[in-house]
Amino acid sequence: HQDTIILRKNMETSSLLPHAATQQQHAPNCATADSRTTRLPSLRTLIVDGVVLANTGSTARDHLANERTYLAWMRTSLALIGASLGLLKWDAVSNSAGYIVATVGVVLLISSTERYFTNMRHLENGEFVPNVRGILVVVAVVASAIIGAFVLHFQNEL
C-alpha cells in the first residue's frame, strides 16, 4: 500500500514536470502557483517577452477586470482630450477652458496607467491595496479644474 502511494506521487510529479518545463521553455517569465511572492518582470520584459500567469482561483478574472477598468479610464481620458480640442477650436469659449479639460484628461491618463501596473503587481502578490492616493489626486485635479473654471467665468475670461 505504501509503494502504491509513492508510485502515485511519482506519477503525479512526473506528469507535472514536463508540463512545467515546457511552460518555462515557451515563457521564461511564467509565474506558478508556488511563486506568488515573486515579482513581475520589468515593463520592457512584459512588452517584449510577454508573461504567462498561473490561472489559479480568480487570477484571470482579476487581471481582466483590472484591464477593463484601465481601458474605461483610458476611454474617458481620451474623450476629455478630444473635448478639449473641440473647446480650443470653438470661438465662443476662451482657450483656458480647453486647456483645463486637456489637463484633467492627461492627469487621468497618467493616473490610470500607473494604477493599472500597480494593480497588476499587487494581484500577482495576492494583495489588494485600495486606491486612496490615486482617487485623492484625481479629485484634487478635478476640483481645481472646476474652481479654475468658475474663477475664469466670473472674471469674464471664459
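Student: Contact here means heavy atoms within 4.5 Å. On that basis, which residues is serine 112 in contact with, leaving aside its neighbours within four places in sequence?

Tutor: In this predicted model, the place of serine 112 is in helix H4. Its relative accessible area is 6%, and because buried means under 20%, serine 112 is buried. Leaving aside neighbours within four places in sequence, the residues in contact with serine 112 are Tyr70, Trp73 and Met74.

Student: Against which element do the buried residues of H3 pack?

Tutor: The buried residues of H3 include His63, Asn66, Tyr70, Met74 and Ser84. Two of the names just given, Tyr70 and Met74, are in contact with serine 112, and serine 112 is in helix H4. The element against which the buried residues of H3 pack is H4.

Student: Is serine 84 buried or exposed?

Tutor: Serine 84 has its place in helix H3. Not counting residues up to four places away in sequence, it touches Gly98, Val101 and Ala102. Since its relative accessible area is 2% and the cut-off for burial is under 20%, serine 84 is buried.

Student: Does leucine 85 count as buried or exposed?

Tutor: Leucine 85 is also placed in helix H3. Its C-alpha is 6.5 Å from that of glycine 98, although the two are 13 residues apart in sequence. The relative accessibility of leucine 85 is 52%, and because the cut-off is over 50%, this residue counts as exposed.

Student: What distance separates the end C-alpha atoms of H4?

Tutor: H4 has 30 residues, and at 1.5 Å a residue they should span 44 Å. H3, with 31 residues, likewise reaches 45 Å from its first C-alpha to its last, close to the 45 Å expected. For H4 the expected span and the model agree, because its end C-alpha atoms are apart by 44 Å.

Student: Which residue with a positive phi follows H4?

Tutor: Helix H4 covers residues 95-124. The residue in question has a phi near 75°. The residue that follows H4 with this positive phi is glycine 126.

Student: Which element gives the largest share of the lining of the largest pocket?

Tutor: The largest pocket has a volume of about 340 Å³. Of the 20 residues that line it, the closest to its centre are Asn66, Thr69, Arg115, Asn119 and Asn131. The elements that give two or more residues to this lining are H3, H4 and helix H5 (132-154). The largest share, eight residues, comes from H4.

Student: How many residues of the lining of the largest pocket are charged?

Tutor: The lining divides by residue class, with nine nonpolar residues and eight polar ones. The remaining class in that division is the charged one, and its number is three.

Student: Which element of the protein chain has the lowest mean pLDDT?

Tutor: The protein chain averages a pLDDT of 75, and 68% of the residues score at least 70. Over residues 1-35 the pLDDT is below 50, and this stretch has 17 contacts in the model beyond near neighbours in sequence. Where pLDDT is low, the predicted coordinates should not be read in detail. Helix H3 has the highest mean, 94, whereas the lowest, 40, belongs to helix H1.

Student: How many helices does the secondary structure of the protein chain contain?

Tutor: Read along the sequence, the protein chain follows the pattern α-α-α-α-α. The strands come to zero, and the number of helices is five.

Methods:
Residues are numbered from 1 along each chain as its sequence is written. This is a predicted model: local features need pLDDT of at least 70, side-chain atom pairs count only at pLDDT 80 or more; totals for chains, interfaces and linings use all residues. Side-chain values use heavy atoms; hydrogens and water are left out. pLDDT is the predictor's confidence in each residue, from 0 to 100. Helices (H or I, at least four residues) and strands (E, at least two) are DSSP runs, numbered from the N terminus. On a 1 Å grid over the protein atoms alone, a cavity is a set of points where a 1.4 Å probe fits but cannot get out, and a pocket is an open set with protein on both sides within 12 Å along at least five of seven lines; lining residues have an atom within 4 Å of a point. Grid points are joined across faces, edges and corners, and a volume is the space filled by probe spheres set on the points. Ala, Val, Leu, Ile, Met, Phe, Trp, Tyr, Cys and Pro count as nonpolar, Asp, Glu, Lys and Arg as charged, and the others, Gly among them, as polar. The expected span of a helix is 1.5 Å times one less than its number of residues. Buried means under 20% relative accessible area, exposed over 50%, partly exposed in between (1.4 Å probe, protein chains only).
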